[in-house]
Amino acid sequence: MSQTKEGANTGALAGLRVVELGQLLAGPFCGQLLGDMGAEIIKVEPPGKGDPMRDWGQGEEKVQWEVIARNKKSVTANLRVAEGQELVRKLIGTADILIENFKPGTLERWGLGPDVLLEQYPRLIIARMSGYGQDGPYSGRAGFGGIGEAMGGWRYVVGDPDRPPARMGVSIGDTLCATYGCMGVLAALHSREKTGKGQVVDTALYEAVLQVMEGLVPEYDHNGFIRERSGSILPGIAPSNVYSCKDGPFMIGANNDAIFARLAVAMGQPELAESPKYATHLARGENQTELDNLVNAWTATKTVDEVDALMIEHSIPAGRVYRAPDMLEDPHFKAREAIIEVETETRGPLKMQNAFPKFSRTPSSVRRPAPATPGQDNAEIYGALNGWEESDFLRMAAAGVL
């Protein structure tokens, strides 16, 4: 599937305008989510190189920008000078939502704090993303996603027990924070419909991580139990692991009693489901390592295709461990249009993830590619806002404002 043609905006948030002041990951990912759902996103970049995300990604050419900046328009403004601050304040007055992920206090120093903006624009929703939140003793500290993952408890439990804490291969702390920020914006929009008033949505990286840490805190509070690193398993949940086949890894999740009984049949060892060591959830948890070894010994005799076919036949949750090439070839990805092809401005056709979740009546879409250069939409946005002509843009650029 190719991107939807610009102008065919069927998204649930069509008609809303968002000004995005943040850079790098958390703020821009929140903007991406809102933009995919139909909002108009006006990204404010610093003059010159623009958002550092333009240089992020892996591989020879850095293409992560093409995903996180899709559905966005780019304007430039120097927020460190009064003229730039006033320009952006006027732009914010045309918006429903403001996104920012600067260090707490930065907007206030620029005269763009919530106290000023909400007095002038009482319907405005301000989504603020930061390492530690807008108040508290740590609020003034610098905070990146990895720091939030560490403080929120994620890093400590990731990795093998005999090694230091590891990390995921993606910036999960930032994207979790952005996702909660987006969720907060949607709730604030609902509140505004009833009250007519905007508000501040304060999302901290460490709190977004903490929210998904399941029973980590009450387990300690009630039982004195501290979760430790456990490698590829969840202690007591068995069998649920990645197992080795002749030609690669394969994930099986058969920790439910009835599902494990079906797995035992698929393995040709139905008696396992009757064994006191494996018959119940608790018993399998107590004998987790031994059971994983049994399952792995069986998968090691077969190919991934063979195990996959047996799992489907016996209705057992299981699946291949995908990399990008596998995703591009998979028929389910194709049928669901989970990956689309976007005609980018500088790199030609580029495959990337689609907009999620799916909506039955107001589908999200990728309507325009990421802006190729910082400020490429200055004329459209600032021209409409201020009635500027070419001489005005030249004057503002010469003054270091654009």
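**Buried spots, a covered strand and two pockets**

Asn101 is buried in this structure, with a relative accessible area of 19%. The model is a predicted one, and it's worth keeping that in mind throughout. Burial is called below a cut-off of 20%, so at 19% Asn101 counts as buried. Asn101 sits in the loop that runs between β4 (97-100) and α4 (106-109). A polar atom of the Asn101 side chain lies 3.0 Å from the backbone nitrogen of Gln23. Leaving aside residues up to four places away in sequence, Asn101 touches Gly22, Gln23, Ala26, Gly27, Pro28 and Met129.

One of those contacts, Met129, leads to strand β5 (residues 125-130). This strand is mostly covered, with six of its six residues buried. Side chains in a regular strand alternate between the two faces of the sheet. In β5, Ile125, Ala127 and Met129 point one way, while Ile126, Arg128 and Ser130 point the other way, and all are buried. As for neighbours, β5 pairs with β4 in the parallel sense over four bridges, and with strand β6 (residues 200-204), also in the parallel sense, over five bridges. Ile126 shows up in both pairings: Leu98 has Ile126 as its bridge partner in β5, and Ile126 in turn has Val200 as its bridge partner in β6.

Another loop residue worth a look is Leu79, found between β3 and α3. Leu79 is buried, with a relative accessible area of 8%. Its contacts, not counting residues up to four places away in sequence, are Leu21, Gly84, Gln85, Val88, Trp110 and Leu112. Pro47 is 32 residues from Leu79 along the chain, and the C-alpha atoms of the two are separated by 9.6 Å.

The elements on either side of that loop turn up again with helix α17 (residues 378-386). The buried residues of α17 are Asn378, Ile381, Tyr382, Gly383 and Leu385. An α-helix has 3.6 residues a turn, so residues three or four places apart point the same way. The cover over the buried residues of α17 includes β1 (17-20), β2 (40-45), β3 (72-76), α3 (82-92) and α18 (390-398). Right after α17 comes Gly387, with a positive phi near 70 degrees.

A helix residue that is also tucked away is Asp308, which belongs to α14 (residues 304-313). With a relative accessible area of 16%, Asp308 is buried. Setting aside residues up to four places away in sequence, Asp308 touches Phe250 and Arg320.

Then there are the pockets. The largest pocket has a volume of about 1200 Å³. Its lining is made up of 30 residues, and Phe29, Gln64, Val67, Val170 and Gln353 lie nearest its centre. Two or more lining residues come from each of α1 (26-36), α2 (64-68), α15 (324-329) and β11 (349-353). By type, the lining of the largest pocket splits into 17 nonpolar, nine polar and four charged residues.

The second largest pocket holds about 590 Å³ of space. Here 19 residues form the lining, with Arg227, Ser230, Ile233, Leu234 and Pro235 closest to the centre. The elements giving two or more residues to this lining are α7 (154-157) and α10 (216-223). The lining of the second largest pocket divides into ten nonpolar, five polar and four charged residues.

Note on methods. Residues numbered from 1 in each chain as written. Predicted model: local features only at pLDDT ≥ 70, side-chain atom pairs only at ≥ 80, totals over all residues. Heavy atoms only, no water. 1 Å grid on protein atoms, 1.4 Å probe; cavity = no way out; pocket = protein on both sides within 12 Å on 5 of 7 lines; lining within 4 Å. Points joined across faces, edges and corners; volume = space filled by probe spheres on them. Nonpolar A, V, L, I, M, F, W, Y, C, P; charged D, E, K, R; others polar. Buried < 20%, exposed > 50% of the residue type's maximum accessible area, 1.4 Å probe, protein only. Polar contact = N/O pair within 3.5 Å; in protein donor to acceptor, adjacent residues only side chain to side chain. Contact = heavy atoms within 4.5 Å. Pairing = 2+ DSSP bridges.
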